[in-house]
Amino acid sequence: MSKEQLTSWRREMRRVRNRESAAASRRKVRDRIEELEEEVAVWKKRYQEVTARLGKAEDEKKKKKVGKSEEGGDGKGDEVQV
């Protein structure tokens, strides 16, 4: 193998390694994106669950407040004075 052929072969091998490395890098980025998208889905689900619980708690609080006001006051001064 002549010097020129050897240089050409080395250059081609470097291109092949570079191409493989770039493909591996793109694959790694795609995998990370998928991983992050799955994590986002988990967090969205948790957020929906928490907001639903919060809404339910607020509704219950409003019902209790309405119930107390219908009983005749805010719960203060219910003691009988003599």
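Where does Met1 lie relative to helix 1 (3-72)? Met1 sits in the segment before that helix. Keep in mind that this is a predicted model.

I'll start with the surface at Met1. Together with Trp9 and Met13, Met1 makes up a nonpolar surface patch, and the accessible area of the three adds up to about 370 Å². Met1 has a relative accessible area of 74%, so Met1 counts as exposed, the cut-off being over 50%.

Next, the charged side chains. Side chains of opposite charge can pair when their charged atoms come close. Here the count of salt bridges is two.

One of them joins the side chains of Glu12 and Arg15, at 3.5 Å from N to O. Both residues are in helix 1, three residues apart, which is about one turn of the helix. Glu12 is partly exposed at 36% relative accessible area, and Arg15 is partly exposed at 45%.

Glu35 and Arg32 also meet in a salt bridge, with an N to O distance of 2.6 Å. These two are about one helical turn apart, because three residues separate their positions in helix 1. What are the relative accessible areas here? For Glu35 the value is 44%, partly exposed. For Arg32 the value is 42%, again partly exposed.

Last, the charge that forms a patch. Asp31, Glu34, Glu37 and Glu38 form a negative patch on the surface. Asp31 belongs to helix 1. With a relative accessible area of 46%, Asp31 is partly exposed. That value passes the patch cut-off of over 30%, so Asp31 meets the accessibility condition for a patch.

Note on methods. Residues are numbered from 1 along each chain as its sequence is written. This is a predicted model: local features need pLDDT of at least 70, side-chain atom pairs count only at pLDDT 80 or more; totals for chains, interfaces and linings use all residues. Side-chain values use heavy atoms; hydrogens and water are left out. Patches are made of residues with over 30% relative accessible area and no salt bridge: like charges are joined within 9 Å, nonpolar side chains (Val, Leu, Ile, Met, Phe, Trp, Tyr) within 5 Å. Accessible areas come from the Shrake-Rupley method with a 1.4 Å probe; for residues, only the protein chains shown count as cover. A salt bridge is a side-chain nitrogen of Lys or Arg within 4 Å of a carboxyl oxygen of Asp or Glu. Helices (H or I, at least four residues) and strands (E, at least two) are DSSP runs, numbered from the N terminus. Buried means under 20% relative accessible area, exposed over 50%, partly exposed in between (1.4 Å probe, protein chains only). Lys and Arg count as positive and Asp and Glu as negative; His and the chain ends are not counted. The place of a charge is taken as NZ of Lys, CZ of Arg, CG of Asp or CD of Glu.
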